[in-house]
Amino acid sequence: MALRNVTGIIRDSLNKPVAGAEVRLISAKDTLKAITNTYGFYGFPKVKSADFLLSIKALGHHSFNRKYFNNDTKTVINIPSIRLGIQEEQLETVTIKRLKGPTIKGDTTEFWAKDYIVRDYARLEDLLKRMEGVRIDPDGSLFYNNQIVAKALFNGTEYFSGSVKEAIKELPADIIERIQIIDMDESGFNAKKTKTENSTKVLNIVTKPDKSAGKTYDFTTEQGSQSRSRFMGKLKSIDQTNQFSAKLNYQQEPLGIRYTPIPGSISEQNFEIRNNYNSPDFSNGQLKKLNTGLGKSLKIKKLKLFTELNYAQTLDKHSRQTIGETYYEQGTLRKKTMQESDSKNHNLNSFTTFNFLGEKQTLMGNLRIDADKNESTQLGQNLQSGIINNLEDTNSKTNLKNLKYSLYSQYTRNFTKKLALSSNLMSSYNNSNSNVNSRTAIYKDTLNTVTADSILHQLQNLKTTNFSSALNNSLNWNYNKQLKFITRLGFTSNLNLNENKSFVKENETVNFNSTLSFFQNDAAYSVPVSFQTEYSLKNGITFSPIFGLTSKWLDGEVGLSKTSISRYDLLPETSFKIKYTSKIGNIEATIRQFFTQPTLISLNPIPNYRTPYNINIGNPDLKNSENLSYSFIFSNFFKKIQFNAYINYSYLTTKNGIGVITDSEIDPEKNTFTTTNTYSNIDGKKLNLLNFNFTKIFSKLNLQFNGTFKQSDNPYFLNSELALRKSLSQLWETNFIFNPKEWMEINGGLSYSSDTDHNTASTAKTYNQLFNATTTLKLFLGETWNINLYFQQNLNKTSNVANKMSPTILNMNIEKRIFKQKNGIISLVVMDLARQNYLLNYNSFDNGYQQTFTNKNSNYFILQFSWRPEFWGKSKFDKGNGRNGNGSFK
């Protein structure tokens, strides 16, 4: 049986030590007593249980009783300093107990780290997974109550560039005191002005006072089969606003392997080490990537800056094999495609965050600048059958240069305690120039590809430019605690240039082709005005109506003849939101009606040849779309039963939506198939969306159930005939974390996902159904040896595949911690031991679907080494004046 030493200090309300206090430690296995010394210190040796009750009595002070839940593997437990209030008169003994789980304070949900048991060397991600309502996707995205957490703060200051994915992987769990999930305004920079406004969730990581500043190093390397290798070096230093980072990373790995997690501590603590999570639509290939970067904070009086400069070079060579069907009036067109791509990309970018805090005014924001250069070659073969039988062979070369920036800033001015002005400035620029050399050959006889029946050799000079800016102002007047008024006025501009100069090469002669060329230059301006009232009743009900109008102008020139198009619309918007907060939970209901103006692309009557066989023609007579939405949200944490619940339902219907009319034509002489897309208003588009999260915490078991249900009606046209695609997408999953023994941890879950489409243009439904069961077994053998086993059983049934696919995946690793501080790891990983990690990825669209084959060569091994020295201590900003609620020092 593991034994542990428990120590702590008792202080009074003036932070002076309390001597002679009686401290009792009580558990199912212990009944111990100690008296504090002159320094307020107490200690209990050889404590049998990690979960216990501390009961403290001291003359002239209030009694104290609290239950503690600790890491069962720790041999030393230091209890945070306990302060006793002065007892001015004799009262009955007061029992103070704080139940585990989140506490809601206004717009902040707070979790105490000591309520959750994690093992030594755990990362912040391990701690978060044990918290009620928290979910982390395989790509590292963090969700709370199924809403994404967009930004990370560290003791109230933005964590470097604000990356949540990096923060939860890089920070150790043992420095954490509290976790705060904050509902901030939509920008994520400032507190909400009203209870009912839209919000962005922000993660604030509050460290222990003596662990509030740190420097971390990370040196990781791995080598494996299938030309897999990686080296990563990283340094980060943080002390509130004083931050510095440097990184160098090189990776080489295959593409297209279906994602399953790489087991072991090294992959769990590194955001960069993932198993090709971003290449699910590739069938094969190889990626080589080098990236490096530097980041540094700077303070100029009250202006705080943090700037990152990054460079990346990527060599991407991959192939993509697909099968699918597209429905037309003439019948079904079946396609088998094989595409190959070879590209080289250079990217240089800088990202700067800025923060100015004055007495009555603040300025916050960020600026990102990117420069890209890309060279790529694409080869493709498209075998078509059904309403037409041919082989389409394509190859193209593209040289592209791209320059862009994006700026967001928010200025807030508090005139009085009741009156404040908020101004948001957004601006972005994107300029792209490319040269494309492409050749398309079509063969009637798919078995004889010596002589093509038709050839198009096309040279294109493409130029696209977008410049958009917006200034949105809101004046907030708090008439009293219950009644608030918000007036909003904005201005938005969006300027676009899209130019395609196309040339056709025939018999070594190059001629300009006006039919395949295209020109569009447009400008859109809008002036939105809205008025919002929010009234809060004393019974917890808050309601808020919003009335708005947007003046929108659209002006442009299209076609080589530069035909003028202009349009003006006055678009109303109304919404009503009601929110109820009580002991049974938080309930929020919203109804909203709004109108949208068609884009110039859908209004442009000049033919735009996207390819020689795909033509787009707009309709200048389109009406504005009318949208009506409803939403309902319920959330609550039931402390007594340790149960968290979140339910979100929304419904959207559209009248006069923008539908595409697809006309198709077969050229029997060339054996080609040409589609022409025009636009028309269409009714009947509907969307139902339900998602939920339920979490139950037991003493040794965390159980979570998530679900998403999405049903949509998508009307469209086939040669002017109305067609309908009814889609149903489902995801149901349950996950658990179970700790039956000190040396064992079991994680697992069951998941069912289904995508089904019923299309009136087809007699058969198309679908993809996947059920899988996963189990991760972690064995902790002593202080240094770990074994991790990951098992996944799949059952997959999909269109165009006669037999069910049921791959069994087994990933495993064995690792050893090395060095005196145990901050080094050597690990051996074997992936897909059964060689079965292979499925089809399904993707549907209005008049068809497509499936992509994943990489069958999924079995490989990796030898890993990581060394992560970390140094955490007291902040230089700690002057002994205490801390604010967000962890910053006063």
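Reader: Let's start with charge. How many positive and negative side chains does the protein have, and how far apart do the centres of the two sets lie?

Author: Happy to start there, with the reminder that this is a predicted model. There are 109 positive and 78 negative side chains, and 8 Å separates the centres of the two sets. Histidines play no part in that count, because Lys and Arg are taken as positive and Asp and Glu as negative.

Reader: What does the radius of gyration say about the protein, set against a compact globule?

Author: For 890 residues, a compact globule would come out near 29 Å; the protein has 31 Å, so the two agree. Along the principal axes, the C-alpha trace spans about 100 × 65 × 50 Å.

Reader: And what is this chain built from, in terms of helices and strands?

Author: You will find four helices and 50 strands. Of the contacts with a separation of 6 or more, 64% join residues 24 or more positions apart.

Reader: How much of the protein is buried, and what makes up its accessible surface?

Author: Buried residues account for 49% of the 890. The accessible surface is about 43,100 Å², and carbon and sulfur atoms hold 56% of that area.

Reader: What makes a group of residues a nonpolar core, and which residues have the most contacts inside the largest one?

Author: The members must be buried residues of nonpolar kinds such as Leu or Ile, joined through side-chain atoms within 4.5 Å. The largest such core has 32 residues, and those with the most contacts inside it are L124, L127, L128, I179 and L203. At least two residues each come from α1 (124-129), β11 (134-136), β12 (142-144), β13 (147-154), α2 (164-170), β15 (176-184) and β16 (200-207). A second, separate core has 20 residues, including F44, F64, I79 and I82. As a general point, nonpolar side chains in soluble globular proteins tend to be buried together.

Reader: Which residues does L124 touch, beyond those up to four places away in sequence?

Author: L124 touches A167, I168, L171, P172, A173, I176, I179 and I205.

Reader: Now to single residues. Why is N146 called buried?

Author: N146 has 15% relative accessibility, and buried means under 20%, so N146 counts as buried. You can find N146 in the loop between β12 and β13. Its phi is positive, about 65°, although N146 is not a glycine.

Reader: Is Q240 buried or exposed, and where does Q240 lie?

Author: Q240 is at 9% relative accessibility, so this residue is buried as well. The loop between β18 (228-239) and β19 (242-254) holds Q240. Here too phi is positive without a glycine: about 55° for Q240.

Reader: Why is N857 called partly exposed?

Author: The relative accessible area of N857 is 44%, and partly exposed covers the range between 20% and 50%, so N857 is partly exposed. N857 sits in the loop between β48 (848-853) and β49 (860-867). Beyond its sequence neighbours up to four places away, N857 touches Q226 and I257. From N857 to S141 there are 716 residues in sequence and 28 Å in space, C-alpha to C-alpha.

Reader: What puts H346 in its exposure class, and what does H346 contact?

Author: At 24% relative accessible area, H346 is partly exposed, because the buried class needs a value under 20%. Apart from neighbours within four places, H346 is in contact with Y311, A312, Q313, A371, D372 and K373. The C-alpha atoms of H346 and E375 are 9.2 Å apart, with these positions 29 residues apart along the chain. H346 belongs to strand β22 (residues 331-357).

Reader: S341 is in strand β22; is S341 buried or exposed?

Author: S341 has 14% relative accessibility and therefore counts as buried. Its contacts, leaving aside neighbours within four places, are D316, K317, H318, T377 and Q378. W785 is 444 residues from S341 in sequence and 43 Å from it in space, C-alpha to C-alpha.

Reader: One more: how do you know which class L516 belongs to?

Author: Its relative accessibility is 8%, so L516 is buried. L516 lies in the loop between β28 (509-512) and β29 (518-536). Neighbours within four places aside, L516 is in contact with L456, Q458, N500, S502, V504, Y609 and P612. The C-alpha atoms of L516 and F503 are separated by 8.0 Å, and the two residues are 13 apart along the chain.

Conventions
Residues numbered from 1 in each chain as written. Predicted model: local features only at pLDDT ≥ 70, side-chain atom pairs only at ≥ 80, totals over all residues. Heavy atoms only, no water. Rg over C-alpha atoms; globule rule 2.2 N^0.38 Å. Buried < 20%, exposed > 50% of the residue type's maximum accessible area, 1.4 Å probe, protein only. Contact = heavy atoms within 4.5 Å. Areas by Shrake-Rupley, 256 points an atom, 1.4 Å probe, with all protein chains shown as cover. Charge placed at Lys NZ, Arg CZ, Asp CG, Glu CD.
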